[in-house]
Amino acid sequence: MMIPTGSGAIRLMPASLSFAIAFTGIPAAATAFIDAIFEGPGMVMLIINLLLLVVGCVMDMGSAILFFTPILPPIA
């Protein structure tokens, strides 16, 4: 079975967006923002779970993983 030509471009776009997010320092800014707004690790984990629930309803799993991988580990 032959893979369509456009599928590589579809996977490349979230990967390049993920690289751009990591390169610009958005994870560090998100970590500082979350730490300043929410008190305690329980509240932070609740907000992360709610965010992932909403994202899981509207985005493909592979794209969501590529997009949120550079953002969430520094927060956690």
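**Questions on a predicted five-helix chain**

Biologist: How many helices and how many strands are there in the chain?

Modeller: This is a predicted model, in which local features need pLDDT of at least 70 and side-chain atom pairs count only at pLDDT 80 or more, while totals for chains, interfaces and linings use all residues. Residues are numbered from 1 along each chain as its sequence is written, and side-chain values use heavy atoms, with hydrogens and water left out. Helices (H or I, at least four residues) and strands (E, at least two) are DSSP runs numbered from the N terminus. Read along the sequence, the pattern is α-α-α-α-α, and the count is 5 helices and 0 strands.

Biologist: Which element gives the largest share of the largest nonpolar core?

Modeller: A nonpolar core is a set of buried Ala, Val, Leu, Ile, Met, Phe, Trp, Tyr and Cys residues joined through side-chain atoms within 4.5 Å, where buried means under 20% relative accessible area, exposed over 50% and partly exposed in between (1.4 Å probe, protein chains only). The largest such core has 11 residues, among them Ile 21, Ile 34, Val 44 and Ile 75. Two or more residues each come from helix H2 (26-37), helix H3 (41-58), helix H4 (61-68) and helix H5 (72-75), and the largest share, 3 residues, comes from H3.

Biologist: Leaving aside neighbours within four places in sequence, which residues is Ile 34 in contact with?

Modeller: Contact means heavy atoms within 4.5 Å. Ile 34 belongs to the largest nonpolar core, and, once neighbours within four places in sequence are left aside, its contacts are Val 44 and Ile 75.

Biologist: Why do the buried residues of H4 line one face of the helix?

Modeller: The buried residues in H4 are Ser 63, Ala 64 and Phe 68. The arc is taken from the directions from the helix axis to the C-beta atoms. Seen down the axis of H4, these residues line one face because they fall within an arc of 110 degrees.

Biologist: Is Leu 50 buried or partly exposed?

Modeller: Leu 50 lies in helix H3. With a relative accessibility of 45%, Leu 50 counts as partly exposed.

Biologist: How far apart in space are Ala 20 and Pro 70, C-alpha to C-alpha?

Modeller: Ala 20 lies in helix H1 (residues 6-24) and is partly exposed, with a relative accessible area of 34%. Ala 20 and Pro 70 are 50 residues apart in sequence, and their C-alpha to C-alpha distance is 9.9 Å.
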